[in-house]
Structures are given as C-alpha cells and as structure tokens.
Amino acid sequence: MSTNRTIIAPATVPGRGGVSIIRMSGDLSKSIAEDMCGELAEAWRFKRCSIKSRNGSKIDDGMVVFFKSPNSYTGDDVVEFHCHGNPTIVNLVLEEAVNRGAVVAEPGEFTKTAFLNEKIDLVQAESVADLINAQSEMAVVAANSSLSGQFSEQINRLLDGIVKARVVVEASIDFPEDEIDSSILESIKEELQGFLAETNELLSCVKEGVKLRDGFSVAIVGPPNAGKSSLLNLLAREDLAITSEVPGTTRDLVKTSVNIGGALIEFVDTAGLRSDPDGPIEEEGIQRSKEVIKKSNLSLLVQDATDIKEFDLGLGDSFTVLNKSDLLEGGFSNSDNTFYLSCSTGQGVDELLGALIVRLGMGGGEETVFLSRQRHEISLKSGGRFLEEALMSLGEGQVLELVAESLRSAHAALGDILRPMSADDLLGEIFSEFCIGK
Amino acid sequence: MIVIGGGHAGVEAAEASSRFGVKTLLITHDKSKIGEMSCNPAIGGIGKSHLAKEVDALGGLMARATDKAGIHYRVLNSTKGQAVRATRVQTDRELYKSAIQNFLSSSVNLTITEDSVVDLDIENSTIKSVTTEKGEKIFSNSVILTTGTFLGGVMHTGLKQSSGGRIGDPSSDKLAQKLRGLNLKVGRLKTGTPPRLNKHTIDWSLLSPQPGDTPTPLLSYTSQASERPEQLNCYMTRTNKTTHQVILNHLDESPMYSGVIEGVGPRYCPSIEDKVMRFSERDSHQIFAEPEGLNSDLIYPNGISTSLPLRAQKELIKSIKGFENAKIVRPGYAIEYDFFDPTGLKHSLETKTISGLFFAGQINGTTGYEEAAAQGIMAGINASLKATNQETFELQRDEAYIGVLIDDLVSLGTKEPYRMFTSRAEYRLILREDNADMRLTEKGRKLGIVSDLLWQKYKEKKDTTTHEILRLKKDKLKPNTPEAKKIKEQTGEDISNNTSLFEMLKRPKVLHSHLPQGKTTLASNAVDEIEASVKYEGYIKRQQIDIERLQRNENTPIPEHIDYKKVVGLSNEVKQKLSEARPVSLARASRLPGVTPAAISLLMIYLKKERQAVG
C-alpha cells in the first residue's frame with residue numbers, strides 16, 4: 001500500500017546524545033535520500049555518507065539506511081539518517097528533506113501508517129489511537145511553548161492584515177457592482193510587500209530560535225566550588241547547542257542561553273552560597289539567589305557529592321545535582337529529582353539533560369517544541385512564497401483572481417500556525433466591512 | 001415520481017426526471033405561475049451564472065429560458081480573468097415564464113396538475129403517497145418537495161402581517177404543519193423585496209442609463225442569438241440624506257426593528273433599513289431601476305427592499321431623484337418562511353430520515369433562482385436514479401459550483417439564506433463559466449438527460465479547442481517577424497527566441513486575439529476556455545495536487561450505520577458532531593467544523609480495524 005505523503009520526523013528524543021536518528025517514510029523517501037546522500041546501499045544495509053544540502057555544502061557525516069516496502073517500520077519505503085546528536089544538524093536534515101518534498105509528520109503519523117499498513121497488530125489499534133491522542137495533546141503543548149506572546153502577536157497581526165487584504169480583493173471580485181472602498185486595493189502592493197517583509201522577519205526569528213519563547217529559565221544555585229560553572233560550561237558545550245554569553249544584571253549573575261532541542265533555555269548561574277552566612281555580603285547573596293529561583297521554571301541545586309551542605313532557599317521545582325561523583329567511593333544511583341554526575345569526566349550529564357528536557361515539557365515522545373518549530377518554519381516559508389506570487393500577479397497587470405488565489409494559499413499556510421479560517425468567516429468579514437447587495 | 005412545487009427547483013427537477021425517462025407528475029397550486037420569478041427579474045450574476053451554466057451543461061432549462069427572455073445582458077468582472085467573469089441577464093418575466101411552460105408542455109413523460117398537497121403518507125420511514133386538497137391520494141415512492149417560501153410563509157408590510165408565499169398566493173400551511181411533525185429540524189428565514197413602480201411615472205431623464213454589453217452574450221450553450229428578444233437599457237439612481245431620514249423616522253414601524261420578525265435575513269441583500277442603520281456613515285446607496293419586461297409597466301427598483309408600511313414607502317420613493325412622482329403599484333414586503341436544516345439531507349438531496357423524500361430549493365435554506373434550479377436538477381436526477389435502483393449522482397467541490405453548493409448545505413447547514421459566491425469555491429480557477437460544458441456535459445449525457453443538440457455542440461467545442469491547443473503548442477513565433485512586431489505593438493511583449501504561441505499566451509498581457517490565427521474560426525466560448533486553461537495552468541496544476549490528495553479520503557467510505565461511540569479516542573463533542581452529520585466519506589467528515597486531523601486519523605484506524613475484523 002502506498003501513500004502520497006512522504007513524512008519525516010526525528011525518531012530519537014532531541015537534545016544531547018551520541019546519535020540522532022531521523023526517519024522518513026513514503027514513496028519519495030528513497031529519491032530524497034539519494035539526492036541528499038548519494039546512491040544508497042542495497043536495502044537494509046547501512047552506508048556511510050556525507051549528508052549534503054541543496055547548495056552542495058556538507059551538513060554532517062553519518063549513516064543512511066533504506067528499508068524497502070513492505071519490510072519497514074511503517075510498511076512504506078523508509079529511510080533512516082543516523083547523524084550526530086546535535087539539534088542544529090537534525091534541523092538541517094529535516095529542512096533539506098522538506099525542501100525536496102517531504103512533510104513534517106503529524107502527531108503519531110508514523111505509528112498510524114504502520115497500523116494502516118498492517119505492520120502493527122489489530123489488538124494494538126486502541127493503543128495506536130491513544131498514542132495519536134497523546135501526541136496531539138503534546139503537539140499543542142509544544143506548539144504553545146514554542147510561541148512566545150510576542151511571536152503570536154506578530155503572527156496574529158500579519159494574519160489580520162492578510163485577511164483585510166483578502167476581504168477587499170474578494171469583495172471586488174464577488175461584488176463588482178457594489179461600491180467597494182477600493183483604496184486598499186490601490187495600496188495593496190505596498191501592503192503585500194509589508195506582509196512579505198514581516199513573514200521573512202518571523203522566519204528568521206524562527207530560524208534563530210529567538211522570540212519564539214522568552215525561554216525556559218533554569219537557576220543554578222549552590223555552595224562555592226561545587227561545580228556550578230563547570231556544569232554550565234558542560235551544558236553549553238559547542239556540539240550541544242548554540243550559546244551566547246549575556247552579562248548578568250549584577251556582576252554576580254551569569255546568564256547563558258542554550259538552545260536545546262529547539263527550545264531556548266536560559267541558565268542563570270548565581271554566586272556561591274555559604275551555609276552559615278556570617279556577613280552582610282552572604283546575606284545579600286542568599287536573597288539574590290532566592291529572587292532568581294522565584295523567576296525560574298526550575299532550579300538546579302549543585303552540591304559537592306563529597307561534602308553536602310544544608311540550605312533553606314525555598315526551592316520550588318528543583319533538581320539536586322551531586323557533582324564530583326567520580327570521587328565517591330561505593331555505589332550511588334539517581335532518583336527522580338537527584339542526579340549524580342561528574343563535571344570532570346562528563347559522566348551522568350546526559351541523564352540530567354534528558355530529565356531537564358522531560359521536566360520542561362520539551363520531549364518525551366515524537367512531539368516536541370522542535371517539531372512544532374519545524375512546522376512553523378515550513379508554514380512561514382510557504383506563506384512567504386505565496387505572498388511573492390501574489391506580488392508577481394499584481395505586477396503583471398492586476399490579475400485579481402490570481403492575487404486572490406495566492407493570498408488564499410498564503411492565508412492557509414500562515415493560518416496553520418495559529419488560526420485557520422473558513423470561507424464563510426471571510427464572507428462575514430466582507431459583509432461587516434462593506435454595504436453589499438442591491 | 002411526484003414533484004411538489006412549480007418554482008425554479010420544481011421545474012428543473014420535473015424536467016430532469018422526465019428526460020431521464022421516469023413518469024413524472026408536477027403538482028402546483030396554479031399552472032399559470034410555473035416558472036414565476038418572484039423576486040428581481042434577473043438571472044445570473046457572480047457565482048450564480050456559473051450555476052445556471054452548469055444546469056445548462058446538464059441539459060437543464062434555466063439558461064435556455066433566460067435567452068428567450070433576456071432583455072439586457074452584461075458580463076460582470078469583464079476586466080478580470082475568465083474564472084470570475086459572470087453573465088447577468090435582466091429578463092422579461094412573462095417571456096421567461098412562457099419559455100419554461102413551453103419547455104414543460106413538450107416534455108414527454110411529464111404531467112402537470114393543479115392542486116395542493118396537504119399530507120404525506122410515510123410508512124417505515126419510507127414515502128408511500130401524497131394526499132391533495134382535492135382529496136386525491138397519489139402513490140409514489142419518489143417525492144421531491146420544492147415548496148420554496150410557501151411553507152408557513154408570513155409577509156410583513158409595516159406591522160401588518162398576512163399569510164402567503166408571494167403576494168397574491170396562499171402559503172402551504174397544512175403541508176408545513178405535516179412537515180413540522182416529522183423528525184426534521186426546522187428553521188426560520190427572512191427575505192424581502194422592494195415596492196414595484198409604474199414605469200410611466202418615473203422621470204427617466206433624471207436617471208443615468210446603463211446599456212447592456214455589445215456584443216451581447218448568451219447564457220446557454222445551445223441558444224441562438226436570434227432567439228433573444230429586443231434589448232433594453234437599465235437605469236440607475238441613488239438614495240440621499242432625505243431618504244435615510246424618512247427611514248429613521250419610521251423605524252419603529254419596521255417589523256425588523258420592532259422585533260416582530262424572528263427569521264434571519266441574508267447579510268448580502270440587506271433591506272434599505274438595514275443599510276441605513278448598519279452603514280450610517282454612507283449618505284447614499286445606489287438603486288438600479290430594472291424593467292420587468294418589454295411590455296410590462298412595472299419597474300423593479302433594485303436596492304431598496306423594505307418592509308416599512310406603505311405610507312413610509314411612498315415617502316421614501318418620493319425622496320429619490322427621478323422617483324418624485326413615481327406611483328407604487330405593489331408595496332415592498334418582507335417574508336418569513338420555514339426551511340429545513342439541510343444537514344438533514346444526504347448529498348443526493350434525499351432526506352436522511354425518510355427514504356424517497358427529496359428536498360430542493362429555498363426549502364433547504366438557499367436564496368436565488370439559480371441555487372434553486374441547481375438543486376432541482378440534482379434532486380430530479382437522484383430521485384430518478386433511486387427510482388430505477390441506480391447509484392446516486394453527486395458532484396464534487398472541484399467539479400462544479402453545484403457540488404460546492406450542495407456540500408456546503410449538507411455538511412455545514414446555513415444560518416442565513418445561502419447564496420453562491422465565487423469565494424465559496426476553493427477551486428474557483430477550475431470552475432468557470434467557459435468550461436461548465438467541459439466539466440459536466442459528458443456526465444449528463446451518460447445519465448441520458450443531455451439533448452443531441454447540446455451533445456453535438458459540446459463535441460464540436462471539444463474538438464476545436466483540442467486542435468487549437470495543439471496548434472498553439474506547435475506554431476512558433478519568430479523574433480523580428482511582422483507577427484512578432486504586431487504583438488509588440490499591441491501588448492508591449494518582446495520575444496527574443498522562437499517562442500510557441502502557447503508560451504506567448506501564458507504571458508498575462510497577451511490575448512488569443514493577439515496571436516496569429518489558425519484556419520478555423522473559434523467560437524468565443526472556446527477562445528475563453530483556451531485562454532483560461534493556458535493562463536491558469538500553473539495554479540490549476542497546484543490545485544490538482546490538493547484535489548488528488550483529497551480524493552483518497554473521498555474514496556474512503558464510512559459505513560452508514562457506524563457507531564461513533566465505539567471509535568476509541570474521539571472526544572464527545574466530535575462523536576456527537578459525526579453522529580448528527582453522518583458523513584459518508586472521510587473527506588466529508590474532515591470538512592465538518594471541529595473535526596480535527598487527529599480525529600480523522602482515529603476514524604481511519606477504527607475503520608481499518610472494523611474491515612479487518614470483518615474480512
């Protein structure tokens with residue numbers, strides 16, 4: 001059984017890890033993969049390859065494997081890319097495949113396809129249904145958390161503008177004898193150019209990961225020399241994420257924004273705390289830490305595992321991080337909120353990061369901020385393309401019904417991000433705006 | 001087959017089933033009113049001419065009758081592209097009516113009887129017979145109800161009310177009562193009409209004339225120019241501040257604003273009271289003075305539909321330039337009437353609850369002659385198919401405005417009188433006036449309802465356009481030739497390399513007439529079709545991809561008796577929506593408001609599971 005859609009999504013939880021797997025399923029899988037990686041090995045065999053972008057530059061060195069229908073996860077042709085566990089790389093691979101005709105999978109779509117192709121037992125139908133529901137909910141959460149108030153506002157403004165333009169264009173088409181105030185039609189070129197610029201700006205915002213959300217904020221607190229700064233450096237390692245140093249509001253705070261799995265996390269490193277403050281400076285330090293904790297989504301209390309101190313910080317949602325685990329003698333194991341790690345060996349960092357991603361609602365399945373970000377990006381790109389097309393039709397002597405068609409497509413694409421609209425809603429806008437009818 | 005009602009839906013339904021070969025009885029309360037245009041004397045307009053041409057392409061009557069009665073033709077949007085161009089025809093009411101009645105009288109399988117239906121006999125959710133006022137009981141298991149505004153019709157002029165479906169005609173109260181007792185959802189709508197004026201009491205010198213288009217187009221694919229009567233001008237005038245003051249002074253006597261009317265009126269055809277209230281910043285609205293016919297003394301002042309009392313109407317008319325001494329022959333009124341929630345229908349227009357009972361026209365919440373005719377012909381076809389145990393005939397949204405109309409009604413219902421607009425059609429570039437025959441005539445011929453004449457015309461047009469497209473692709477325009485220079489002069493378009501005529505025609509400024517012509521002269525509708533299909537090619541290809549994707553879901557049927565409660569994972573809201581709407585395919589389910597892609601996935605999984613369990 002073949003499907004028309006070729007879908008793609010990461011098969012591994014985003015964030016840090018040695019390897020990320022990106023799975024693509026559908027008729028176009030093989031040809032897209034060959035375009036990106038060169039000729040594939042025979043089915044079910046890995047091949048080492050360089051994954052290349054359209055302009056020929058190398059994205060990553062990795063492995064690629066082709067599963068021929070029907071012997072694959074979904075039952076359709078499937079290709080898996082195994083690349084380095086870096087979200088930026090994963091993002092680029094997805095983007096390249098999408099540029100070549102794949103689409104980002106809907107929540108639970110891989111599993112659904114597998115079920116429909118009878119790769120999954122009939123008995124499992126209900127769990128597939130549950131999964132789709134769960135994933136859809138997660139997608140909503142992820143989409144919400146990927147949109148900051150400012151970003152949503154901008155999209156809403158853009159959509160309002162496009163709707164207004166559509167109202168005038170459609171009214172001029174459907175009611176040529178009514179007295180439509182066509183002043184907007186005269187300035188529509190500038191309007192569209194404005195929308196295009198806005199769309200492109202939003203697109204670059206999405207790409208850079210700024211504005212999408214003011215970011216999750218994670219406070220790092222603890223005694224001096226427990227390894228707070230080392231932990232931050234480790235989390236901010238270059239192969240893990242894009243980081244930027246921002247000077248703290250006071251000389252004691254260091255804020256570092258880290259892009260993990262497509263979402264921005266701001267780590268705030270505080271000054272070291274002493275357990276029994278015996279001076280005004282320490283008192284102030286405690287106070288300041290408490291404030292930072294209050295403003296954060298989560299706190300990491302970093303302690304020296306060999307020398308644990310007591311603090312009364314009013315920690316809300318928090319993890320206790322016990323550093324220098326390499327110096328411990330005897331066994332130790334993580335609990336829900338306690339993580340042993342060693343900043344000097346790097347051991348245990350992955351576990352902490354994984355827990356962070358889950359706790360902040362950024363992962364735990366196929367549906368992540370990362371994927372919804374991908375969908376936004378694709379929507380914005382095609383929205384921009386349709387706006388350009390509308391402008392072209394305008395330039396060629398006002399072929400109004402083609403302008404209308406391109407604007408409809410642009411509206412549909414951009415509406416996907418926040419609020420789709422039906423034909424009848426648009427008519428409603430027309431009737432409230434203009435006095436129509438003889 | 002029994003068709004109840006002789007309006008625009010009824011006549012198309014009766015004629016279609018008669019052409020189909022089914023013995024048909026048309027019951028109407030007054031034979032002389034068959035084909036009456038009870039509102040404005042015009043056919044066509046944006047979106048509506050598309051419907052009329054589609055009905056024509058299926059062998060229907062409306063466009064042919066219009067061409068025998070058309071006294072003023074205009075192509076709206078003529079400066080825009082083919083997809084949104086629309087023909088509008090002012091017609092002579094009497095000529096239109098007699099054209100329709102003539103067509104019916106020569107219809108072989110059709111009998112017309114003057115009577116009123118007062119009861120429907122339904123057994124086991126199946127229609128068995130109808131009982132008439134004259135006491136006749138007529139048996140049939142296919143009944144099409146096209147009673148328009150006659151069900152529970154109440155007319156308002158000022159605060160006075162009278163029962164009726166049209167001035168001078170009774171409403172069908174007994175039938176309305178019967179239908180209200182059936183398990184069908186009833187709603188109430190409102191529409192209005194302006195006062196009619198005496199032609200000889202208008203000072204025409206004060207109005208601005210609007211001549212019709214030359215060359216004069218035709219609406220039907222088979223009409224001849226010689227069938228058209230003499231052409232007249234239309235005229236325009238405007239309301240003014242005084243007019244608006246009159247309306248404001250009498251607002252407390254308006255049934256709309258005093259709360260007497262409960263029905264919902266259309267947003268796009270507001271009464272003059274509505275216009276003045278809602279757009280208070282405007283101090284003038286246009287009025288089109290439309291002749292009702294060649295020999296008629298009546299003028300239809302389009303744009304001032306009102307339900308104010310006669311006194312106020314007189315004052316209102318007097319305030320208008322050119323109407324100072326105009327006499328009102330018949331006052332304007334608002335009419336409220338029952339309609340049946342069309343979501344209770346299948347796409348075949350058969351009611352979901354009563355087998356063999358079909359509804360078409362205004363009874364389904366639409367407005368307009370063309371919308372009625374479109375439903376009428378489809379109900380006629382489907383009732384005939386049902387009577388002969390054949391599969392239903394449905395048109396998809398990408399095939400015809402008829403498909404958009406019926407799908408919108410049946411899937412979404414309507415809150416106001418539903419009128420067609422091109423913006424309702426997502427495949428507007430495909431659904432054009434120029435290609436309704438290319439889209440539908442073959443289907444109609446297969447059903448056996450397309451005449452030999454139409455079939456012949458269709459085949460000729462198809463042949464010539466196919467040959468012409470081949471010629472355009474084959475013939476090249478060379479730079480620096482006289483032909484190239486001529487195009488440069490006319491359009492400003494340069495050519496630097498040998499370019500096919502087809503490629504030239506893709507350029508927005510180049511029309512077919514600019515190109516070197518072939519040996520055969522083409523009919524103008526063939527030229528339109530060629531230009532449109534070349535210029536829209538890229539867009540149409542893109543839409544085709546959408547259509548194909550949808551097609552798969554269109555082809556995934558949902559069993560009629562599915563129990564949505566058993567579909568795991570659906571929210572209660574979605575379950576309820578689906579249980580009420582009972583869509584027949586996944587695609588139709590996906591178009592219901594509130595049904596998410598995730599819900600469709602869940603439904604797909606359930607259907608697959610069921611199929612496996614059975615197989």
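# Exercises on a predicted two-chain model

In this predicted model, 6 bridges join strand β11 (residues 298-304) of chain A to strand β12 (residues 318-323) of chain A, and the two run parallel. The exercises start from this pair.

## Exercise 1: Parallel strands in chain A

Find which residue of β12(A) is the bridge partner of A:D304. Then follow β12(A) to strand β13 of chain A.

Solution.
- Step 1. Start at A:D304. Its bridge partner in β12(A) is A:N323.
- Step 2. Move on to β13(A), residues 338-340. It is joined to β12(A) by 3 bridges, and this pair runs parallel.
- Step 3. Pick out a facing pair. A:F339 in β13(A) stands opposite A:V321.
- Background. Strands of a sheet pair through backbone hydrogen bonds, either parallel or antiparallel.

## Exercise 2: The contact of chains A and B

State how many residues each chain gives to the contact. Then say which element of chain A gives the most.

Solution.
- Step 1. Count by chain. Chain A gives 37 residues and chain B gives 41 residues.
- Step 2. List the elements of chain A that give two or more residues to the side touching chain B. They are α3 (109-116), α4 (125-146), α5 (149-174), α12 (400-415) and α13 (423-433).
- Step 3. Choose the top contributor. It is α4(A), with 8 residues.
- Step 4. Sort the chain A side by class. There are 19 nonpolar, 6 polar and 12 charged residues.

## Exercise 3: Domains of chain B

Give the domains of chain B. How far apart are the C-alpha centres of domain 2 and domain 3 of chain B?

Solution.
- Step 1. Read the division. Domain 1 covers 2-35 + 92-192 + 336-418, domain 2 covers 196-333, domain 3 covers 470-540 and domain 4 covers 556-614.
- Step 2. Take the C-alpha centres of domain 2 and domain 3 of chain B. They lie 44 Å apart.

## Exercise 4: An open sheet in chain B

Write the strand order of the 6-stranded open sheet in chain B. Which strands stand at the edges?

Solution.
- Step 1. The order is β15-β16-β17-β18-β14-β19 (chain B), and the pairing is antiparallel.
- Step 2. The edges are β15 (208-210) and β19 (328-330) of chain B. Each has a single partner strand, so one side of each is left without a neighbour in the sheet.
- Step 3. From one strand to the next, the twist averages 40°.
- Step 4. Look at one pair inside the order. Strand β16 (residues 234-238) and strand β17 (residues 286-291) of chain B run antiparallel and are joined by 4 bridges.
- Step 5. Find a facing pair there. B:F288 in β17(B) stands opposite B:M236.

## Exercise 5: Three helix pairs in chain B

Classify each pair by its angle: α3(B) with α4(B), α12(B) with α15(B), and α9(B) with α10(B).

Solution.
- Step 1. Helix α3 (residues 62-69) and helix α4 (residues 93-105) of chain B pack at about 135°, with axes 8 Å apart. The angle lies outside the ranges for parallel, antiparallel and perpendicular, so α3(B) is oblique to α4(B). Their crossing is right-handed.
- Step 2. Name the residues. B:A65, B:T66, B:K68 and B:A69 in α3(B) meet B:L95, B:Y96, B:A99, B:I100 and B:F103 in α4(B). By class, this contact has 7 nonpolar, 1 polar and 1 charged residues.
- Step 3. Helix α12 (residues 452-474) and helix α15 (residues 524-535) of chain B pack at about 45°, with axes 10 Å apart. They are therefore oblique to each other. This crossing is right-handed.
- Step 4. Here B:K461, B:T464, B:T465, B:E468 and B:I469 of α12(B) touch B:A526, B:E529 and B:I530 of α15(B). The classes are 3 nonpolar, 2 polar and 3 charged.
- Step 5. The axes of helix α9 (residues 369-387) and helix α10 (residues 401-412) of chain B come within 10 Å and cross at roughly 90°. That makes α9(B) roughly perpendicular to α10(B).
- Step 6. B:E371, B:A374, B:Q375 and B:M378 in α9(B) meet B:I402, B:L405 and B:I406 in α10(B). This contact has 5 nonpolar, 1 polar and 1 charged residues.

## Exercise 6: Backbone details in loops

Locate the loop that holds each of these residues: A:P70, B:P215 and B:N389.

Solution.
- Step 1. A:P70 lies between β4 (58-67) and β5 (78-84) of chain A. A cis peptide bond joins A:S69 to A:P70, with omega about 5°.
- Step 2. B:P215 is in the loop between β15 and β16 of chain B. The peptide bond joining B:T214 and B:P215 is cis, with omega about -5°.
- Step 3. B:N389 sits in the loop between α9 and α10 of chain B. B:N389 is not a glycine, yet its phi is positive, about 55°.

Key:
Residues are numbered from 1 along each chain as its sequence is written. Chains are lettered from A and ligands numbered from 1 in the order in which they are written. This is a predicted model: local features need pLDDT of at least 70, side-chain atom pairs count only at pLDDT 80 or more; totals for chains, interfaces and linings use all residues. Two strands pair if DSSP finds at least two bridges between them. Domain bounds come from an automatic or database domain assignment. Two residues are in contact if their C-beta atoms, placed from the backbone, lie within 7 Å. Ala, Val, Leu, Ile, Met, Phe, Trp, Tyr, Cys and Pro count as nonpolar, Asp, Glu, Lys and Arg as charged, and the others, Gly among them, as polar. Axes are lines fitted to C-alpha atoms, for helices over the stretch in contact, and angles run from 0 to 180 degrees between N-to-C directions. Angles under 35 degrees count as roughly parallel, over 145 as roughly antiparallel, 65 to 115 as roughly perpendicular and the rest as oblique. A crossing is left-handed if the near helix is turned anticlockwise from the far one by less than a right angle, and right-handed if clockwise.
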